[in-house]
Amino acid sequence: SITRIDATLPLTPPLRTRLSTFAHRLSSPRVIHAKTNMDCPAHAVFPTSRPPPEGLRCKTVHLIRHAEGTHNAAELEAERRQRFMKREEWRALRETHGVAFYLLESVTGLTYWDPPLTRLGRRQAAKLRRELTRSNVTFDAIFSSPFRRTLQTAMIGCPQIECLHRARPWWRKLGAWLRHEPCRPPPVVTTDLLRERIANYTSDGRRTVTQLAAEFPRVNFGEVSEEDRPFLESKELGKQEQPLVRARARRAVQWLMDRPTQQRTVAVVTHSHFLLALLGLFRLPDEGLLRFANAERRALHLCACQNDAQEGCDPTCTSAAAAAEKPP
């Protein structure tokens, strides 16, 4: 529709240029263009349009936001129907929380605790799988937050581990059997470092590891506590929200770089607020900090800096400056 408008309306050259640029951005996959870590010279990121700089220890990281969950759909539907108008207290909650008010326990109970994907979400994940297959992208490891929506997105969206998904359609299982396709998936590891910002919404809580392991039997939950202790004990709220999430994102980056060296190309399946916090650690143009759509994938080279003089490493950063942002 943007192309049609551009072709038929008498637009001024600057507006025509802006519309053409916007149309190009919509039609092209978003690519990370970044150079330097803002807070600490420990890591730098580079676009995947070229190889990473020589001499740096790097991983190619594909950042993926989960596909649409039932909580995402519920928020949109509640806003469309203006359900906050039903009760005075709901109006006040909406003014404070925005559309997410509908996910509070006082409004909808535990309906959206660790929500699964919607039917649309499963289609979005299937589209991601086709995109990865066409691009011939394979992963040495897949890292995910320990939530149903991220794990379902990984199982459906990553071709290498689709064979692990218990809800895989029977015709796909039959096709794989007829083609004698072996199930040799890369390791799938979960960590609470990749979870969503921990607020008071029920969708920020997860099932127990026992329940998750029954649904995803070959996923490694070794780094996750049985109960969701972070949701109960480590909220990231108020003025401390951004510093706390950024500090966790920094720990997640270090955790990724500490993984075995043979895991060079990896997928990270996580959540929108956390992705923005993670990318916010680096100097990115505004386009690189746009909110992720459901099941969107962006790729970058993540590299460890051995010294400040290397390309992409900030020599002006000091450990004291990094410590100044560390939350109490």
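## Strand β6 and its neighbours

In this predicted model, His43 sits across from Ala304 of β6. That pair is a good place to start a walk around strand β6, so to speak, and the strands beside it.

His43 belongs to strand β1 (residues 43–46), which is antiparallel to β6 and joined to it by four bridges. Strand β2 (residues 57–65) also runs antiparallel to β6, and here there are eight bridges. Ala304 turns up again with β2: Arg57 stands opposite Ala304. Cys58 has Cys303 of β6 as its bridge partner.

Here are the three residue pairs side by side.

| Residue | Opposite residue in β6 |
|---|---|
| His43 | Ala304 |
| Arg57 | Ala304 |
| Cys58 | Cys303 |

Where does β6 lie in the order of the sheet? The open sheet has six strands in the order β1-β6-β2-β5-β3-β4, with mixed pairing, and this places β6 between β1 and β2. At the edges are β1 and β4 (188–190), each of which pairs on one side only. From one strand to the next, the twist averages 30 degrees.

Now for the side chains. In a regular strand, side chains alternate between the two faces of the sheet. In β6, Arg297, Ala299, His301 and Cys303 point one way, while Arg298, Leu300, Leu302 and Ala304 point the other way. Are these residues buried or exposed? All of them are buried, whichever way they point. Because eight of the eight residues of β6 (residues 297–304) are buried, meaning under 20% relative accessible area, the strand is largely enclosed by the rest of the structure.

Definitions and conventions. Residues are numbered from 1 along each chain as its sequence is written. This is a predicted model: local features need pLDDT of at least 70, side-chain atom pairs count only at pLDDT 80 or more; totals for chains, interfaces and linings use all residues. Side-chain values use heavy atoms; hydrogens and water are left out. Buried means under 20% relative accessible area, exposed over 50%, partly exposed in between (1.4 Å probe, protein chains only). Helices (H or I, at least four residues) and strands (E, at least two) are DSSP runs, numbered from the N terminus. Two strands pair if DSSP finds at least two bridges between them. Axes are lines fitted to C-alpha atoms, for helices over the stretch in contact, and angles run from 0 to 180 degrees between N-to-C directions.
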